[in-house]
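Got the viewer open and a selection box ready? Load the model shown here, and let's walk through it stop by stop.

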Amino acid sequence: MLYICERHFQKVLNRSLFTGLRSITHFGRPPFEPFFNSLQEVHPKVRKFGVFSCGPPGMTKNVEKACQLINRQDQAHFVHHYENF
């Protein structure tokens, strides 16, 4: 229901119902592994990335897992720093 309201508000006022910004609010967790891969492509000379997350344990575990999978590729190293609440 929140998604439907957000999309309607965005179309009517060209703003997010939740943030007031013109950018669309995306719900759910992003696909972290493809996102980290894209960072490596955009910044090929960077050898170490710091990844900072704060949230529930399930979310930080997803980020940590993505960092571990990316680190197996023997390219840049992703270091995850996090805090749970």
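The tour below goes from model confidence to a surface patch, then into the packing of a helix, and ends with some backbone angles.

**Stop 1: colour by confidence.** Keep in mind that this is a predicted model. Colour the chain by pLDDT: the mean is 90, and 100% of the residues reach 70 or more. Among the elements, E2 has the highest mean, 96, while H1 has the lowest, 86.

**Stop 2: the nonpolar patch.** Select Met 1, Leu 2, Tyr 3, Ile 4, Leu 17, Phe 18 and Phe 27 and switch on a surface. Together these residues make a nonpolar surface patch of about 780 Å².

Now pick out Tyr 3 from that group. Tyr 3 sits in helix H1, which runs over residues 2-13. Is Tyr 3 buried, exposed or partly exposed? Its relative accessibility is 49%, so Tyr 3 counts as partly exposed, since the exposed class begins over 50%. For a sense of scale, draw a C-alpha to C-alpha distance from Tyr 3 to Met 59: you should get 20 Å, for two residues 56 places apart in sequence.

**Stop 3: the buried side of H2.** Select helix H2, residues 32-42, and show side chains for Phe 32, Phe 36 and Gln 40, which are buried. Why do these residues sit on the same side of H2? They cover an arc of only 80 degrees around the axis, and that puts them on one side of the helix. The general rule behind such a pattern is that an α-helix has 3.6 residues a turn, so residues three or four places apart point the same way.

Rotate to the face of H2 turned away from the buried side. There you'll find the exposed residues Glu 41 and Val 42. Then flip back: the buried residues of H2 pack against strand E1 (48-55), helix H3 (57-71) and strand E2 (77-84).

**Stop 4: zoom in on Phe 36.** Centre the view on Phe 36, in helix H2. At 3% relative accessibility, Phe 36 counts as buried, because the cut-off for that class is under 20%. Which residues does Phe 36 touch, leaving aside its neighbours within four places in sequence? Show Val 51, Val 63, Ala 66, Cys 67, Ile 70 and Phe 78, as these are its contacts. Put a distance on the Cys 67 pair while you're there: the C-alpha atoms are 7.8 Å apart, with the two positions 31 residues apart in sequence numbering.

**Stop 5: Val 46.** Move to the loop between H2 and E1, where Val 46 is placed. Val 46 is partly exposed, with a relative accessible area of 31%. Select His 77 as well: Val 46 and His 77 are 31 residues apart in sequence, and their C-alpha atoms are 8.9 Å apart in space.

**Stop 6: two positive phi angles.** Before you check any torsions, recall that most residues other than glycine have a negative phi.

- Select Asn 14, in the loop between H1 and H2. Its phi is near 55 degrees, a positive value in a residue other than glycine. With 45% relative accessibility, Asn 14 counts as partly exposed.
- Select Asp 74, in the loop between H3 and E2. Here phi is near 60 degrees, again positive in a residue other than glycine. Asp 74 counts as exposed, at 70% relative accessibility.

Technical notes: Residues are numbered from 1 along each chain as its sequence is written. Side-chain values use heavy atoms; hydrogens and water are left out. Patches are made of residues with over 30% relative accessible area and no salt bridge: like charges are joined within 9 Å, nonpolar side chains (Val, Leu, Ile, Met, Phe, Trp, Tyr) within 5 Å. Accessible areas come from the Shrake-Rupley method with a 1.4 Å probe; for residues, only the protein chains shown count as cover. A salt bridge is a side-chain nitrogen of Lys or Arg within 4 Å of a carboxyl oxygen of Asp or Glu. Helices (H or I, at least four residues) and strands (E, at least two) are DSSP runs, numbered from the N terminus. Buried means under 20% relative accessible area, exposed over 50%, partly exposed in between (1.4 Å probe, protein chains only). The arc is that of the directions from the helix axis to the C-beta atoms. Contact means heavy atoms within 4.5 Å. pLDDT is the predictor's confidence in each residue, from 0 to 100.
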